[in-house]
Amino acid sequence: MMHNRLLTVAWGALTLIVAAGSEVVALDGKAVFAERCASCHNATGPAPASLEGVLERKAPDLFYAGSKFNLDWLEQWIQSPSPIRRSGVMFLNHVITEGGKDRINEDTIKACPSKLNAEEAGSVTEYLMALKDPKMRTGVISRDKKFSMAQALRLFTKQYPCIGCHTVKVKENETGGISGPSLTDAGARLNPDWVYARIMDPQYWDPKTWMPKIELSHEKRETLTLFVVSPK
Ligand code: HEC
Ligand code: HEC
């Protein structure tokens with residue numbers, strides 16, 4: 001924030017305005033990002049269009065961060081990141097075969113090194129939250145809408161293969177696959193309208209993602225979205 005102290009001195013008909021100068025120079029979030037984050041994160045787009053590009057991607061794309069994240073979560077997380085992708089940004093880069101079985105070698109997975117202080121985080125968050133996808137529909141999902149948990153679990157774990165790639169919390173227990181991002185904290189992290197749009201057309205956001213595009217009615221997609229973002 002810029003704190004410009006203005007001293008106004010009125011003397012007769014004459015008004016003198018003396019700018020006492022800025023005590024704090026506003027941090028430029030874009031510049032902080034360019035210096036500390038852009039070596040790994042793509043904030044300008046587009047997403048990789050080839051498998052090689054996906055294998056080389058070092059970190060999640062952030063060029064639609066303003067559509068994807070909740071502001072409060074983003075500002076906190078970039079000060080003190082916690083793991084979201086237990087198989088890394090691309091699981092194929094971390095698979096090892098031992099005794100004929102594949103497993104993820106967690107030793108090779110790197111965490112996000114972002115350790116911004118509060119002021120830096122504020123300016124970077126302001127920069128990132130302005131990066132919105134102009135085509136995404138907003139106002140689609142209302143967080144408070146009631147949904148059937150039993151139906152949501154059936155859709156997520158049985159009818160469609162979501163649970164194979166995503167970890168969720170069911171009755172206090174974390175369960176599910178790890179080739180996609182964990183969704184246990186998705187309510188705090190993700191904008192519900194974006195979750196809806198991401199489920200509707202994964203390849204719109206990331207042409208070479210391995211999340212399948214599944215034809216769903218609006219009602220089923222809405223139920224899955226409400227389930228994903230519900231506090232658990
Ligand atoms: C050395 C590479 C690297 C640098 C530099 C880096 N990050 Fe990251 N970042 C990552 C990786 C890897 C992840 C994925 C972590 C996970 O999913 O657990 C990540 C995840 C993120 C996420 C969550 C994205 C999502 O879609 O879930 C945000 C936000 C983020 N980083 C912001 C930043 C900011 C801000 C900076 C600069 C201050 C930064 N990162 C610097 C590698 C990096
Ligand atoms: C074959 C694995 C796979 C399946 C099946 C799958 N996903 Fe995904 N999903 C992914 C991957 C990979 C990503 C994005 C990876 C990234 O951002 O690092 C993703 C991203 C998401 C996201 C955004 C999360 C985030 O933090 O970026 C949501 C929400 C989501 N999937 C929900 C679902 C739902 C609901 C289903 C079932 C209808 C489903 N997924 C099925 C692999 C899968």
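**View 1. Ligand 2 takes up the space of the second largest pocket.** This is a predicted model. Look around ligand 2 and you'll find 20 residues, with Cys162, Cys165, His166, Arg189 and Met211 coming nearest. Sorted by class, that shell has 14 nonpolar, two polar and four charged residues.

**View 2. Helices H7 and H9 help build the shell around ligand 2.** Helix H7 covers 162-165 and helix H9 covers 192-200, and each of them chips in at least two shell residues. H9 gives the largest share, with four residues.

**View 3. Arginine and lysine side chains meet oxygen atoms of ligand 2.** Zoom in on arginine 189: an N or O atom of its side chain sits 2.3 Å from an oxygen atom of ligand 2. For arginine 85, the matching distance to an oxygen atom of ligand 2 is 2.7 Å. Lysine 68 joins in too, with a polar side-chain atom 3.0 Å from an oxygen atom of this ligand.

**View 4. Ligand 1 fills the space of the largest pocket.** Here the shell counts 25 residues, and those coming nearest are Cys37, Cys40, His41, Arg85 and Cys112. The class tally reads 16 nonpolar, three polar and six charged.

**View 5. Histidine 41, lysine 68 and arginine 189 make polar contacts with ligand 1.** Histidine 41 puts a polar side-chain atom 2.8 Å from a nitrogen atom of ligand 1. Lysine 68 turns up again, this time 2.8 Å from an oxygen atom of ligand 1, through a polar atom of its side chain. Arginine 189 is back as well: one of its side-chain N or O atoms lies 3.0 Å from an oxygen atom of ligand 1.

Definitions and conventions:
Residues numbered from 1 in each chain as written. Chains lettered and ligands numbered in written order. Predicted model: local features only at pLDDT ≥ 70, side-chain atom pairs only at ≥ 80, totals over all residues. Heavy atoms only, no water. Near = heavy atom within 4 Å. Polar contact = N/O pair within 3.5 Å; in protein donor to acceptor, adjacent residues only side chain to side chain. 1 Å grid on protein atoms, 1.4 Å probe; cavity = no way out; pocket = protein on both sides within 12 Å on 5 of 7 lines; lining within 4 Å. Sits in = over half its atoms within 2 Å of the grid points. Nonpolar A, V, L, I, M, F, W, Y, C, P; charged D, E, K, R; others polar.
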